[in-house]
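Let's sit down together and learn how to read a few features of a protein model. Have the picture open, and ask whatever comes to mind.

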Amino acid sequence: MATYQNTTQITVRWRNSGEERSVSVDSLYRKSLEFLELYANADLTSEKFLALIGEGGARQRFARLIEACGYEDDPAGFFGALLPELAAGKSGPKRINGIILPYRYLMALLELLIPQKGFVSIGDVDQLVAKTNLMVPEAARTELQKVIETYPVRLSYHTIRQMLLSPDVAYQYMPFVEELDPVGHTNTWIGQFHQGLLEQMYQNRVIFLLNMSCPVYCRFCFRKHKESRNEKNPTVEDVNRAIAHVEKSPSIKEIVLTGGDPFLNRSNMAAAIDGLMGIDHVQSLRLATRSLAYYPELFLGKGEWYLNYLKQKNLELQLHGKRMEIATHFIHPDEVSPESLGIITELVKSGIAVYVQTPFLQHCNDTGPELQKLFRLLRGAGAEMHYIYIPCSPIHGNSVYWSPLSDGIDIAEYLRAHLSDRSVPKICTATPIGKMEWYTSGWAVEQVEGQENFIWIRTPYTPDYFKSFAPMASKLPNIRVNEEGTLDIQYMAKIGKASYFLGSRPLRIKKTTLPLSIPDKLQLPAASALLGSQQIVKGGSAALSRVHETRVELQSDVTEADIDYIRSDTLISDVIIRTSSLLAEELHEISSLIGKIGTIDHVNAVRISLPEVNYAPESISPAMIQHLASCNRLTVSNPLRLEIETWFINANQITEMHSALVRRLNNKGITVYANTPLLGEINDNPDEIYNLTYAYRRAGIEFHHLYVAGHPIQKAWNEKHPIDMYDVVDIASKIRREGSGREGPRYILQTPLGDVYYGLTSSFIHGGGDIRVKLDSYDLPYFKALDSSYTLPKDVFIDDGKPVIPMPGLVSSTNFPV
Ligand code: SF4
């Protein structure tokens, strides 16, 4: 086929800034082919777009695209029609001949029209229009100028390109006049220990503020005031003083290196990593940056300098027995670029975990499908989804982003039903005295009397907790000690639904049972194969169980019909392979099965449940790990992420051998996660689970599910040794209070209709000595959509459209709702 050549320049004039820009048809054509070849898949474009361009190479697909747009064999005509659309300066989707062009494709073309790199501070409205090419209404100019002077504006060229196409990105970074609304706090931080660049809010970890500015300023930032933006940066001497403080404080195990963006200050970053590396009691460094989303060039520029630096430092930290993690924020799927996915995959493949936190912003990411898309994209690249923060910071100028707490809580119902269980973050509120997770370590108690904008939130923290490092924190006027002895704090938010106020938990007379030893039958390797979920609808052969809309569990001896079943249902994203055999015995079957699954684009994760990881870690050799790594496809386009599932009951079972194995797997980009059942009188107390949580984190294992009740192993044991709901809240409170914040599990109830999050996507019906649970994520149409012949099990009834089911093995010593 002849090479297409057309050196004609197309010149466009940006409507709002008046600037002119020329670009050749050739370069637009080549960029189009590159995009279609590398990124034309359902996740990065859409099913509809894929149907339009059909199969084949980039040239054929481009030809079909421009033909559908009315420009058959006429690339110059196509680009000549498209470029004025891009230059129109109105954020939103772009259409040619009614065809909506994919957002990420247009982003690629905009890189030719706006090729600048770096970031720019905006001083006035004229400059804002000149740089962004977006429209500012004449009537808003004066007020907008005040906003820019009060809350500084800074944008990267990456975000400028994104904002031209995505209103949801523009909503996060373009200043707006409602920021002048005076409602809200000046800052959201109170009572913590401060010393130079070091702040301490929790006993076991501190944050270092290494750099006070960011390359882009989010409008919803809790540091949005000019005074915060203009703070002087700390020096290397300040960093060394903070390191000396950590050295003298053996209770500090984790350090969060943050700012602003700490990566903007290389000397402080290097001083902090190198200095903390030598302190024995420091276990983890967490490096916080949002640049993966809004300024990926920071990691990719200068020959990927920062990426290479992080890989090198991670290896050095590992040699000192420490781990590195990257904490980042993504809010909307439109922020996810091939560049950001590429950075995540590179980090994860090098053994650096990347975890994602997501502020919940009204009118931006407050619907289930948006978040579902966001988390699916990030999970495929290897990221861990950690928290959704509800609501966004109650700070001045942020009120447009606030939504009632009930909106954020309810979003979990959708995500639990329609997203892989490994991709759903926990729902968290960051109160001024520390974070709480909804319905396990905290809840809304009641309205603050006479103050319609404030509610009381129960937290897991106690007055004693702060004594050693921030004694002022428990003496603040807006907190109170509740009946059970933890602190409630006044928090600025609307509850949304009054029924979400749960009141105070009564004090329980302390239970004093000691842990029993683990019965032999529960230590049997075969039991681990039971740590799966129950089939909810029929599908495939006996070797395939449909356990969720997004998930099937397989034995390694599945049939071709089973593979066809997975292929035919685009909702399935996760396949779990369960085996009770040794890896050496089934490596061939497992890798051939992964090979077949790898041809199904909508599946982006394969999870192998391997009992051997628990009871014979030494038998998994480096060669076997290398082989597994070859099945792990952490890529930007059509990824197939490989994870290993394991389980432990208590901390004593986790040895150095397990840590060494997990480190080797992690360094190949293979995540290891664990599920644990709560067993009455064995591990159902805060200390046992706290120790297990700590041991998991030390070993590099993600603690995924803590099964509270309903699991087959629990049914056999907990009927005689039931779990008290009071203990569940006590366990979660201790882990949130005393753990690292990163290590807590999701608290799960397993039922024949699917798993639900304890209290968050379920509600409890007390009475008659039994606990029944209402499954808030599911309804009959959900199951009928998976299997039209579906009927509810006999002991299930429907209340208000939701199934209610008995929860054996769970009791409550009070009538408190959770
Ligand atoms: S990245 Fe974080 S600190 Fe920086 S502006 Fe955004 S919210 Fe604020």
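**Reading helix pairs, a cavity and a pocket**

A: Welcome! Helix 26 passes helix 28 in a right-handed crossing. Keep in mind that this is a predicted model.

Q: How are two packed helices described?

A: The general idea is that a packed pair is described by the angle between the two axes and by the distance between them. Here, the axes of helix 26 (residues 686-699) and helix 28 (residues 725-738) come within 9 Å, crossing at roughly 45°. The two helices are therefore oblique to each other.

Q: Which residues of helix 26 and helix 28 meet?

A: From helix 26, look for Pro686, Asp687, Ile689, Tyr690 and Thr693; they meet Asp730, Ile731, Lys734, Ile735 and Glu738 in helix 28. Sorted by class, this contact has five nonpolar, one polar and four charged residues.

Q: At what angle do the axes of helix 16 and helix 17 cross?

A: Use the two descriptors again. Helix 16 (residues 368-381) and helix 17 (residues 405-418) have axes that cross at roughly 50° and come within 9 Å. That makes helix 16 oblique to helix 17. The crossing of this pair is right-handed. On the helix 16 side, the contact is made by Gly368, Pro369, Leu371, Gln372 and Phe375, and on the helix 17 side by Ile411, Tyr414, Leu415 and His418. This contact has six nonpolar and three polar residues, but no charged ones.

Q: Now for empty space. How many cavities of 30 Å³ or more does a search of the whole structure find?

A: A cavity is space from which a probe cannot get out. The search finds eight of 30 Å³ or more, and the largest cavity holds about 130 Å³ of space. Among the residues lining the largest cavity are Trp438, Arg746 and Tyr757. Strand 15 (426-431) and strand 29 (746-749) are the elements that give two or more residues to this lining. By class, the lining of the largest cavity divides into eight nonpolar, one polar and three charged residues.

Q: What about the second largest pocket: which residues are the closest to its centre?

A: A pocket, by contrast, is open. The second largest pocket has about 830 Å³ of space. It is lined by 35 residues, and the closest to its centre are Ala42, Asp43, Glu47, Arg376 and His602. You have met one contributor already: helix 16 gives the largest share of this lining, six residues. The classes in the lining of the second largest pocket are nine nonpolar, 15 polar and 11 charged.

Definitions and conventions. Residues are numbered from 1 along each chain as its sequence is written. This is a predicted model: local features need pLDDT of at least 70, side-chain atom pairs count only at pLDDT 80 or more; totals for chains, interfaces and linings use all residues. Side-chain values use heavy atoms; hydrogens and water are left out. Axes are lines fitted to C-alpha atoms, for helices over the stretch in contact, and angles run from 0 to 180 degrees between N-to-C directions. Helices (H or I, at least four residues) and strands (E, at least two) are DSSP runs, numbered from the N terminus. Angles under 35 degrees count as roughly parallel, over 145 as roughly antiparallel, 65 to 115 as roughly perpendicular and the rest as oblique. A crossing is left-handed if the near helix is turned anticlockwise from the far one by less than a right angle, and right-handed if clockwise. Contact means heavy atoms within 4.5 Å. Ala, Val, Leu, Ile, Met, Phe, Trp, Tyr, Cys and Pro count as nonpolar, Asp, Glu, Lys and Arg as charged, and the others, Gly among them, as polar. On a 1 Å grid over the protein atoms alone, a cavity is a set of points where a 1.4 Å probe fits but cannot get out, and a pocket is an open set with protein on both sides within 12 Å along at least five of seven lines; lining residues have an atom within 4 Å of a point. Grid points are joined across faces, edges and corners, and a volume is the space filled by probe spheres set on the points.
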